[in-house]
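Work through the following exercises with the sequence and the structure side by side, and try each task before you read its solution.

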Amino acid sequence: MSDEKSTTQEFKLDPDCELRFEVESKNEKVTLELKNGLGEVFGTELVKGKKYEFSAGAKVAVFTWQGCTVELVGKTDVTYVAKETPMGLYLNCHAAMERMREAAEKGDRRGPITMVVGPCDVGKSTLCRLLLNYAVRMGRRPIFVDLDVGQGDIAIPGTVGALLVERPSNVIEDFSQQAPLVFHFGHKTPSANVALYNLLVTRLAEVCSDRLQANKKARVSGIVINTCGWVKGDGYKLLTHAAQAFEVDAILVLDQERLYNELVRDMPDFVKVVFLPKSGGVVERSQAQRTEARDQGVRAYFYGSRTPLYPHSFEVKWNEARLYKIGAPVLPASCMPLGMKAEDNLTKLVAVTPGPNLLHHLLSVSFADSPEDDVVQTNVAGFVCVTNVDVDRQTFTVLSPQPRPLPNTVLLLSDIQFMDSH
């Protein structure tokens with residue numbers, strides 16, 4: 001293993017080997033180029049002779065089935081070649097899903113619905129990306145569902161969403177974000193409001209089921225679901241609820257035998273539960289790194305990650321916006337009206353009075369036209385961030401991906417904050 005290398009390094013990789021490297025330093029850029037042979041990054045093929053530039057925070061694995069030569073230019077913090085990888089097992093999962101898709105095509109049924117589960121930092125998102133990329137390379141159009149509110153691959157953190165995947169993900173960025181379907185949750189962990197989380201998962205499952213009915217190609221291709229890393233106690237109940245809501249056929253369990261055994265015990269016989277090892281390249285992240293990754297996700301939404309985006313900034317009058325959050329404080333049973341359960345309060349719309357407390361918070365712009373609509377179960381158009389609050393003039397300034405006016409005036413307050421440093 002080589003640390004702190006700055007220069008040009010060439011690696012000849014044997015078949016079934018993987019080059020892993022990390023870029024940590026803030027201002028470093030590392031360029032990767034495939035010189036010959038065939039290589040891929042998380043299931044996306046590298047184009048020979050094309051230079052791919054990675055910046056701080058990048059953790060990359062170049063895998064080759066047949067052997068290849070790659071060149072790295074720049075300073076990496078960690079670089080090594082792994083000869084033992086679980087890629088063969090991951091490919092077997094793809095092959096099994098592909099057989100289910102072929103059977104679905106013949107019988108005009110829906111294809112496999114696969115859920116990837118496991119504790120934090122075992123490579124769930126990476127495995128989803130790999131399975132989706134392999135499916136797309138076979139001409140499939142699967143739906144990707146992301147239930148991980150902490151990091152969020154489809155939209156910003158604090159949301160759940162779904163996306164029809166039509167082409168392999170970019171080597172450097174994730175999948176192309178054409179018209180994703182996103183619901184506002186507003187917290188970075190499901191434990192903040194379990195009732196609301198379950199409600200949104202059920203709603204997302206219904207919408208995805210309708211999408212599969214409407215689109216034959218998607219129906220045969222099926223769904224790949226990414227989940228949160230909370231797998232014990234109530235977290236486990238959330239996983240079983242998601243499995244039921246989406247009517248999954250297969251659950252891939254990464255790196256935790258206890259979770260695997262619990263699911264084998266609790267799932268109906270027709271659900272196939274498979275245990276898979278995590279990749280040796282997966283790195284555990286500290287709390288600070290997770291927070292940084294969340295910030296990075298929000299920053300990329302407003303400013304772009306590689307192609308720069310130019311967000312707009314404008315003022316919104318307090319009386320022009322209708323602000324809400326979802327979930328009122330839970331009342332003791334003695335204070336509840338007859339027949340009402342504490343959970344009902346957790347999924348209720350509560351009006352929010354604008355004020356300095358909005359500063360740096362993210363707001364979801366709802367597609368709902370008025371609070372009389374079912375705002376909680378309505379998807380969102382996009383997000384803005386409050387960068388300034390003027391109490392005297394009764395306005396707040398927002399950072400927005402598009403110019404004024406806001407597409408809608410029903411705004412949902414998120415717990416998640418973002419300090420705009422641009």
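The expected span of a helix is 1.5 Å times one less than its number of residues. The model used here is a predicted one.

**Exercise 1.** Find what span helix H2 should have, and compare it with the distance between its end C-alpha atoms.

*Solution.* Begin with the count, which is 14 residues for H2, so that at 1.5 Å a residue the helix should span 20 Å. Then take the end C-alpha atoms, which lie 20 Å apart, in agreement with that expectation. Beyond the helix comes Gly 139, which has a positive phi, near 85°.

**Exercise 2.** Decide whether H2 is largely enclosed or not, and state what it gives to the largest nonpolar core.

*Solution.* First, buried means under 20% relative accessible area. Since 11 of the 14 residues of H2 are buried, the helix is largely enclosed by the rest of the structure; among these buried residues are Leu 127, Cys 128 and Tyr 134. Next, the largest nonpolar core has 57 residues, of which Phe 21, Leu 32, Val 62 and Leu 127 touch the most other members. To this core H2 (residues 124-137) gives the most, namely seven residues.

**Exercise 3.** Work out the strand order of the open five-stranded sheet, and identify its edges.

*Solution.* The order is E5-E4-E7-E2-E9, and the pairing is antiparallel. Strands E5 (44-45) and E9 (78-82) each have a single partner strand, so they stand at the edges, with one side of each lacking a neighbour in the sheet. Within the sheet, E2 (residues 17-22) pairs with E7 (residues 59-64) over six bridges, and Glu 18 has Phe 63 of E7 as its bridge partner.

How values were computed
Residues numbered from 1 in each chain as written. Predicted model: local features only at pLDDT ≥ 70, side-chain atom pairs only at ≥ 80, totals over all residues. Heavy atoms only, no water. Core = buried A, V, L, I, M, F, W, Y, C linked by side-chain atoms within 4.5 Å. Buried < 20%, exposed > 50% of the residue type's maximum accessible area, 1.4 Å probe, protein only. Helix = DSSP H or I, 4+ residues; strand = E, 2+ residues; numbered from the N terminus. Pairing = 2+ DSSP bridges.
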